[in-house]
Amino acid sequence: MILDSLKETARKIFNREISATDIAAELANDVNSRDHILHAFSSFSSELLLDQAKLADKQFSDGKYLGSLHGIPVGIKDIINVAGYSTRCGSDLYPNQVQNSDAEVINNLRTDGAVFAGKTTSHELACGVTSPPASNPWNTNYVPGGSSGGSGVAVACGYIRAALGSDTGGSIRIPASLCGVVGLKPTYGLVSTSGVEPLSISLDHLGPITASVEDCALIMNSLVKQSGVDYTSELNKGIAGMRFGVLAGKPFSPMQPDVQQAFENAVDHLRNLGATCINIEIPELEHTLAVEFGIIPLEAGAYHLNSLQNKPGLISPSIRTLLIAGRVLPKSIYHRANTGRKLISRALRRAFEENNLNAVITPSLPATAATKDQDEFTFGNSSEHISVSYVRTTAPFNVSGQPAISVPCGFDSAGLPIGLQIATKPYDESGALQIAHAYATSTEWQVIAPKIC
Amino acid sequence: MTHEEIVEIVKSKLEADSILQPGFEFDVIAQDFAGRIGLDLSLNALINDSAIDEQPHFDPSWL
């Protein structure tokens, strides 16, 4: 299924060149024919989708055009409540019970006319980086990343142009990078998490995974519509005169040689677009994972205490071990991790201020997609568990709360996507989108689709 | 601290939380626990190596 951009689809619907029902019917046919391989959706109902689309068409013919997403299908990670669907969180802990109400973000999307394409596959309890049973559309032997893996797959394979994900240590940017699409983790607290099952409440963020940066900006307009900000307004202003810090040292190194080369090419390209790029090391960031892993288990363990006490057999052993760690670790670690969090945030702030930066840039991830049976990456003489590799470059911006976007920047020798991460100052989502758009629209990476499509 | 001592600590903490269940993989849990305690060394390095010339604070204008 080859999809127009959200803007073009909205134009076609508005001009009655296509109906919401046409789009929904084609999507239903596509998912029913291919998703037994890709598993982008953990829950999909053609009937529910078509009912919503028919209602959207009726509203339009009655003169009620709801907004920029009228009749356009959006995928929703299965930790976010959508009325009419169950919320299963990729876990047997959650019953197949239809929700009666929408999360706040769903209400916003619904107000703008979106229809919901189904619930996308989440790693169990949004706590993992592989999202089984979902497959990477670039090669189905590889993982799509996680925990919002299904959202990444659904967009990358062309089912839909936009989906929602959540990001506690990188769970939007990881699948975006591994699947070759765009993923934005906004500033902490900017996008409501009301009506969303938490993993770690002080690190959880919601945001879009989309086929283009422009699509991402349009979804952001809806997610934070109460702010009145138009995230598309700065997209075409270019980046001439901007200053970027190229983050070097740990935790960004080591990385795979193909990733290193693609990243260096991206930095050169940004320079050619008129930006100044300077190398920066922030020593505090080496300790990001100690902070991240000092917070997540204790917050997750507290939230899931009742399940640990009463239904531990419904939690897979690896997740249960993490939750148990949250119960047995000294609480002093949590407090020390939060002190560390403040130090990391302060170090990043100083780097921005002292170097007069518009953004810092890094590879989104140090490695491309792992195979489904792979546990570790090898970098030179050292090896590292894939969950550490996939989180160490993204987590700094969960800890600091800054916006960070992943945009495609190339492929490795096996044809697997590589992502470029751009992080800006808090609440400067417009800046992150502007930089990402300048890069994406002057390179070919954003428009290359996997062959499975 | 020996592995067995860590297992006993884990068991006693889980018992206090009423989440001690037969079938739990205590060896794995103890190894994970020991590894996470190791993270505290990294937190030490971060907190001790940072030139804390002021009380760290969360500035709402930044976050």
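## A walk through chains A and B

Let's begin in chain A, where Asn15(A) sits in the loop that runs between α1 (6–14) and α2. Please keep in mind along the way that this is a predicted model. With a relative accessibility of 42%, Asn15(A) falls into the partly exposed class. As a first sense of scale, take the pair Asn15(A) and Thr210(A): 195 residues separate them in sequence, and their C-alpha atoms are 24 Å apart in space. Also in chain A, a network of salt bridges links Glu8(A), Arg11(A) and Glu17(A).

Next, follow the backbone to some torsions worth a look. As a rule, most residues other than glycine have a negative phi, and most peptide bonds are trans. His39(A) has a positive phi, near 55 degrees, and is not a glycine. You will find His39(A) in the loop between α2 (20–38) and β1 (41–43) of chain A, and its relative accessibility of 27% makes it partly exposed. Leu125(A), again not a glycine, has a positive phi of about 55 degrees too. Leu125(A) belongs to the loop between β3 and α5 of chain A. Is this leucine buried or exposed? Leu125(A) is buried, because its relative accessibility is 5% and the class of buried residues covers everything under 20%.

Chain A also offers cis peptide bonds to inspect. One joins Gly146(A) to Ser147(A), with omega at about 10 degrees. Ser147(A) lies in the loop between β3 (115–120) and α5 (149–156) of chain A. Another cis bond joins Ser253(A) to Pro254(A), and here omega is about 0 degrees. Pro254(A) is placed in the loop between β7 (243–247) and α8 (257–272) of chain A.

Now for the charged pairs. Side chains of opposite charge can pair when their charged atoms come close. Over all chains, the structure holds 19 salt bridges. One of them brings together Asp62(A) and Lys58(A), at 2.8 Å from N to O. Asp62(A) counts as exposed, since its relative accessibility is 53%, while Lys58(A), at 49%, is partly exposed. The cut-off between these two classes is 50%.

A second pair has another setting. Asp215(A) and Arg161(A) form a salt bridge whose closest N and O atoms are 2.7 Å apart. This pair ties together distant parts of the chain: Asp215(A) is in helix α7 (residues 213–223), Arg161(A) is in the loop between α5 and β4 (162–167), and their positions lie 54 residues apart in chain A. Both Asp215(A) and Arg161(A) are buried.

From here, turn to chain B. Its secondary structure consists of two helices and zero strands. The chain has 63 residues, of which 32% are buried. Chain B exposes about 3800 Å², and carbon and sulfur atoms supply 54% of that area.

How do the two chains meet? In the interface, 35 residues of chain B are in contact with 43 residues of chain A. The area buried between the chains is about 3500 Å², with 67% of it coming from carbon and sulfur atoms. Between chain B and chain A there are seven residue pairs in polar contact, both partners having pLDDT 80 or more. On the chain B side, the elements giving two or more residues to the contact are α1 (3–16) and α2 (26–49). The largest share comes from α2(B), with 14 residues. By type, the residues on this side of chain B divide into 19 nonpolar, seven polar and nine charged.

Three salt bridges cross the interface of chain B and chain A. Among them is the pair Arg320(A) and Glu25(B), with closest N and O atoms 2.7 Å apart. Which residue of chain A meets Asp17(B) in a salt bridge? The partner is Arg327(A), at 2.5 Å from N to O. Asp17(B) lies in the loop between α1 and α2 of chain B and Arg327(A) lies in helix α11 (residues 317–328) of chain A, so this salt bridge joins two chains. Asp17(B) and Arg327(A) are both buried, Asp17(B) having a relative accessible area of 16%. Setting aside neighbours within four places in sequence, Asp17(B) is in contact with Leu305(A), Gln309(A) and Arg327(A).

Notes:
Residues numbered from 1 in each chain as written. Chains lettered and ligands numbered in written order. Predicted model: local features only at pLDDT ≥ 70, side-chain atom pairs only at ≥ 80, totals over all residues. Heavy atoms only, no water. Contact = heavy atoms within 4.5 Å. Buried area = accessible area lost by both parts, 1.4 Å probe. Salt bridge = Lys/Arg side-chain N within 4 Å of Asp/Glu carboxyl O. Polar contact = N/O pair within 3.5 Å; in protein donor to acceptor, adjacent residues only side chain to side chain. Helix = DSSP H or I, 4+ residues; strand = E, 2+ residues; numbered from the N terminus. Nonpolar A, V, L, I, M, F, W, Y, C, P; charged D, E, K, R; others polar. Buried < 20%, exposed > 50% of the residue type's maximum accessible area, 1.4 Å probe, protein only. Areas by Shrake-Rupley, 256 points an atom, 1.4 Å probe, with all protein chains shown as cover.
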